[in-house]
Amino acid sequence: AVSPASSPTSPLMYFFGSPDLDSNTERYKELVVCLGSALAEREESCRAKGESPVALNEASSGLIVLGTDKVNNQGLKLHLHAIESLRVNVVIVLGQDNLYNKLQKKFADDDAVKVIKLPKSGGASKKDGACKAA
């Protein structure tokens, strides 16, 4: 069972337990749903109290979701699951044309989600497996 922090200003952190999302995709999806639910509960609690802490203020808040770099069918499903569960309205894709094109196509008729492509920095290079594991 996963239980979120009770304070609206406490950080929300969930431990997946593996650098490889393919090792347990169902657990990953469960944690994403828990995070999305906890964020929605915090937002509702603050609205009910008439509060708007900076962490929940739509005008200045943000969330970075680092997804898988795999753009296969399963990787795309995990990205779409996170976008839906976390109610993401802006997706920034960094240096992955294939992922950008697939997401752009998926959300072409959805005004609620905007997909933006940013190029990788000229000095950036892809890490090999040994470097990622370290």
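A salt bridge here is a side-chain nitrogen of Lys or Arg within 4 Å of a carboxyl oxygen of Asp or Glu, and by that rule the count comes to three salt bridges. Keep in mind that you're looking at a predicted model. Besides the salt bridges, there's a nonpolar core to explore, whose largest example has 23 residues, plus one aromatic pair and a nonpolar surface patch of about 360 Å².

**Salt bridges in helix α1**

- Glu26 and Lys29 join their side chains in a salt bridge, at 3.6 Å from N to O.
- Both of these residues, Glu26 and Lys29, belong to helix α1 and sit three residues apart, which is about one turn of the helix.
- Glu26 has a relative accessible area of 55%, so it counts as exposed, while Lys29, with 26%, is partly exposed.
- Glu30 and Arg27 make another salt bridge, with 3.1 Å from N to O.
- Helix α1 holds this pair too: Glu30 and Arg27 are three residues apart, again about one turn of the helix.
- Glu30 is partly exposed because its relative accessibility is 37%, and Arg27 is partly exposed because its value is 26%.

**A salt bridge between α3 and β2**

- Asp97 pairs up with Lys117 in a salt bridge, and their closest N and O atoms are 3.3 Å apart.
- This one ties together distant parts of the chain, with Asp97 in helix α3 and Lys117 in strand β2 (residues 114–118), 20 residues apart.
- Asp97 has a relative accessible area of 45%, so it is partly exposed.
- Lys117 comes in at 42% relative accessibility, so it also counts as partly exposed.

**The nonpolar core**

- Within the largest nonpolar core, the residues that touch the most other members are Ile83, Val91, Val93, Leu103 and Val115.
- Four elements give two or more residues to this core: α1, α2 (73–85), β1 and α3 (97–106).
- Helix α1 is the top contributor to the core, with five residues.
- Take Ile83 as a spot to zoom in on: if you skip its neighbours within four places in sequence, Ile83 is in contact with Val88, Val91, Leu103, Phe107 and Val113.

**The aromatic pair**

- The count of aromatic pairs comes to one.
- Phe16 and Tyr28 form the pair: their ring centres are 5.9 Å apart and their planes meet at 85°, so the arrangement is edge-to-face.
- Phe16 is in the segment before α1 and Tyr28 is in helix α1, twelve residues apart, so the pair links distant parts of the chain.
- Phe16 and Tyr28 are both buried.

**Leu21, ahead of the first helix**

- Leu21 is found in the segment before α1 (25–49).
- With a relative accessible area of 15%, Leu21 is buried.
- Along the chain, Leu21 and Gln74 are 53 residues apart, yet their C-alpha atoms are separated by 9.8 Å.

**The nonpolar patch on the surface**

- Val90, Ile92, Leu94 and Leu118 make up the nonpolar surface patch.
- Strand β1 (residues 90–94) gives the most to the patch, with three residues.
- Leu94 is part of strand β1, and Leu94 is exposed because its relative accessible area is 53%.

Technical notes:
Residues are numbered from 1 along each chain as its sequence is written. This is a predicted model: local features need pLDDT of at least 70, side-chain atom pairs count only at pLDDT 80 or more; totals for chains, interfaces and linings use all residues. Side-chain values use heavy atoms; hydrogens and water are left out. Patches are made of residues with over 30% relative accessible area and no salt bridge: like charges are joined within 9 Å, nonpolar side chains (Val, Leu, Ile, Met, Phe, Trp, Tyr) within 5 Å. Accessible areas come from the Shrake-Rupley method with a 1.4 Å probe; for residues, only the protein chains shown count as cover. Buried means under 20% relative accessible area, exposed over 50%, partly exposed in between (1.4 Å probe, protein chains only). Rings of Phe, Tyr and Trp (its six-membered ring) pair if their centres lie within 6.5 Å; planes under 30 degrees apart count as stacked, over 60 as edge-to-face and the rest as tilted. A nonpolar core is a set of buried Ala, Val, Leu, Ile, Met, Phe, Trp, Tyr and Cys residues joined through side-chain atoms within 4.5 Å. Contact means heavy atoms within 4.5 Å.
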